[in-house]
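Me: Please give me a close look at one part of this structure, the strands and what lies around them. I should like a connected account, taken step by step.

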2 protein chains.
Amino acid sequence: VDELGAEIQRELIAILGENKIRVLGPNTSGHTSTPAQFTSTFFPLGRIRRGTVSYIAQTGNFATHTMKYILTGEHFGVSRVIGLGNKIDIEESEILEYLGNDPETGAIVLYLESIKYPRRFLDVAKEVTRSKPVVLLKGGATDAGKHAAIAHTAAMAAEDRLVGGLIRQAGIVRIWDYTHLILAGKGLSMLPLPRGNRVSFLAPSGAMLVVLADLCYRLGLDIPRLETETLRRLQEISPSFIRMRNPVDIWPAATAGGVEFAYKEGMEAVLKDPNVDAVIPILMLTKETGIPRFDFIVDLAKRYKEKPILVSFSGDRTYMEECKRCIEPQGIPTFPEIEQPFEVLSILHRCRKAMARPR
Amino acid sequence: VDELGAEIQRELIAILGENKIRVLGPNTSGHTSTPAQFTSTFFPLGRIRRGTVSYIAQTGNFATHTMKYILTGEHFGVSRVIGLGNKIDIEESEILEYLGNDPETGAIVLYLESIKYPRRFLDVAKEVTRSKPVVLLKGGATDAGKHAAIAHTAAMAAEDRLVGGLIRQAGIVRIWDYTHLILAGKGLSMLPLPRGNRVSFLAPSGAMLVVLADLCYRLGLDIPRLETETLRRLQEISPSFIRMRNPVDIWPAATAGGVEFAYKEGMEAVLKDPNVDAVIPILMLTKETGIPRFDFIVDLAKRYKEKPILVSFSGDRTYMEECKRCIEPQGIPTFPEIEQPFEVLSILHRCRKAMARPR
């Protein structure tokens, strides 16, 4: 923050150079590695759940209070969490390369306020993004954010159009919200990547189907027509007054055959359909209409392993929490807001597309 | 759904015409009115909390499972909730006019898939939006959504550029997500409208300050410079190594003087500042760093009535829930995701601007 600090840091750099010591930081909570059962964070977190996603963050947050949130509010775990701090030695390109080759890392989520060696970062990222999903939130994308970034890490954020170009060329999937750092990590930890962008969703409300169809369009998700056999099955479980299609209005079937029956059979019908890459049920949960045993979703996820299932809700919040507690430890992610599973699916789809892009 | 249904509906219209009966619907859960202690919804909701916001919705959702969510997951109440259904008689323009003159309605939130009489709707809305906030989600904004809307309410959604023009001319604030129907209602129920778009926010993390500053820019919120006296006070409660500014990095002050002291004094400093129209604290809640008594926020809200305070969190989810249960019944809204209070503030600001627009 002042000339004395800068002087101390210059001295530190000189000592490192003379002694060939590698350094992360300073000005960071350091790194956490669940495979190595190691952490340098000063924040008392207790046991940190092991997982497959690794975070690189130009902030101490991830190994401290954001991790606290993940441990108390979510059910997924992490592999490596690296706080970059002032980056006087180790910087994002080197760590990205390391994680690209790390068998403990299945996907990488970054928060950066600056890129120390843009050319090197681009070269490394171009390779890593072919084998692993790489998602990035860039802080300081606007003048207001740049101003705040100078106060935070003294990062001189580059012109965002240049950063945007670099991210695209690198095959990195860009996100825009802090909350999406957590949601992307959750999706990448718990779900297979979808084969394509074709989604089927089931909701207890026509209005939700309409609004979510609009959302799919904005997120680059396609709502495919279903096979004749799929439509036949959906029609079979529904009263005759409704003509079934994708997206799926599941409530008539629920009133006819019960909530569990309708969602189970409806989800299975669309999961079987070769035109569908992912399925999002908006579960209707109120005591009055009947609470399903949630195991049927776990069973479906096991039988249709290659298709992501993302769960959201309408109705009574108590049962939403109960469903989350029941199925997330068994590997099915839930999302309290109905837009979130679509946002996450879009991120996963973009990761898959980046990985498969032509050379 | 078929010719028989159309025939029955034509018959109904003929009978209504002969007998001068007014009708809402058909194909709706009807309407709920807490001031009149009346509801026609078939959905068992128990006691519905009374509030100041009224909903007009071209879907039965609002008086059924979305209301269930509001009653179990939120602490605000509603005044009138009107489901439009097929709109064979009463339609949105007439209701909007009624609610515009309704002393029990402080703000109006709409969900529409079509506008039956666009010219009439525009004329009515132009007046109502000068005295009350009016927020609208339009389903069927995209081709995918239009397709789903035909299946839902047989609504032939108009070209969205025309709808967008009408909304702007009418002084209505447009939103894009289903979840924002609930969040807008929450904000409009619990908060005063801000005088302007100038926000101060306090977070326990530099990265959050950066990302949220970017978000402010995208949402049309300004992050003003603070008065010298405000900066002096913020500096006084903080260790000397940090230079305080807006947005406010509150964590150094918390480590020096405790979490409650830092947020309380920091919030009061910025609430006092004449350059600040609204304040958003991101509370850091973990047992290890100390859980504040949340009453100080209620006290500040009472003493600075004209400035909206919107609360969000970082840290342990258990305490976030505890804070929500403590302060929401006392009138302070909380939001589980850090982007949400900014989104809501932006909606409130746009409402204020629309109400004050020149004739």
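**Strands, helix and chain contact**

Reply: In this predicted model, strand 5 of chain A, helix 4 (residues 118-131) and strand 6 of the same chain form a right-handed β-α-β unit. Strand 5 spans residues 107-112 and runs parallel to strand 6, to which 5 bridges join it. Within this pairing, I108(A) lies opposite V134(A) of strand 6.

Strand 6 of chain A, residues 134-138, is mostly covered, with 5 of its 5 residues buried. The cover extends to both of its faces: V134(A), L136(A) and K138(A) are buried on one side, and V135(A) and L137(A) on the other. Strand 6 also pairs with strand 7 (residues 173-175) of chain A, in parallel and through 3 bridges. There, L137(A) stands opposite I175(A).

Chain B may be followed through its own strands. An open sheet of 4 strands in chain B has the order 9-8-10-11, with parallel pairing. Strand 9 (248-249) and strand 11 (312-315) of chain B are its edge strands, each pairing on one side only. Strand 8 of chain B, residues 199-203, is mostly covered, and 5 of its 5 residues are buried. V199(B), F201(B) and A203(B) are buried on one of its sides, S200(B) and L202(B) on the other, so that both faces are covered.

The pairings of strand 8 in chain B can be traced in both directions. Towards strand 9 of chain B there are 2 bridges in the parallel sense, and L202(B) has V248(B) as its bridge partner. Towards strand 10 of chain B there are 4 bridges, again between parallel strands, and here A278(B) is the bridge partner of V199(B). Strand 10 (residues 278-285) is in turn joined to strand 11 of chain B by 4 bridges, and these two strands run parallel. M284(B) stands opposite S314(B) of strand 11.

Next comes helix 13 of chain B, residues 317-327, where R317(B), Y319(B), M320(B), C323(B), K324(B) and I327(B) are buried. Viewed down the axis of this helix, the buried residues fall within an arc of 160°, so they line one face of helix 13. An α-helix has 3.6 residues a turn, so residues three or four places apart point the same way. At the start of helix 13 of chain B, a side-chain oxygen of D316(B) comes to within 2.9 Å of the backbone nitrogen of T318(B).

R317(B) also enters the contact between the chains. That contact takes 63 residues from chain B and 62 residues from chain A, and the area buried between them is about 5000 Å², with carbon and sulfur atoms giving 60%. On the chain B side, H65(B), V210(B) and R317(B) lose the most area to chain A, together 12% of what that side buries.

Some backbone details complete the account. The peptide bond joining N246(B) and P247(B) is cis, with omega about 0°, and P247(B) is in the loop between helix 9 (228-236) and strand 9 of chain B. In chain A, the bond from N246(A) to P247(A) is likewise cis, with omega near 0°. K87(A), a residue other than glycine, has a positive phi near 55° and is found in the loop between strand 4 (78-83) and helix 3 (92-100) of chain A. Because its relative accessibility is 5%, K87(A) counts as buried, the cut-off being under 20%.

Note on methods: Residues numbered from 1 in each chain as written. Chains lettered and ligands numbered in written order. Predicted model: local features only at pLDDT ≥ 70, side-chain atom pairs only at ≥ 80, totals over all residues. Heavy atoms only, no water. Buried < 20%, exposed > 50% of the residue type's maximum accessible area, 1.4 Å probe, protein only. Arc of directions from axis to C-beta. Polar contact = N/O pair within 3.5 Å; in protein donor to acceptor, adjacent residues only side chain to side chain. Pairing = 2+ DSSP bridges. Right-handed = clockwise from strand over helix to strand, strands pointing away. Contact = heavy atoms within 4.5 Å. Buried area = accessible area lost by both parts, 1.4 Å probe.
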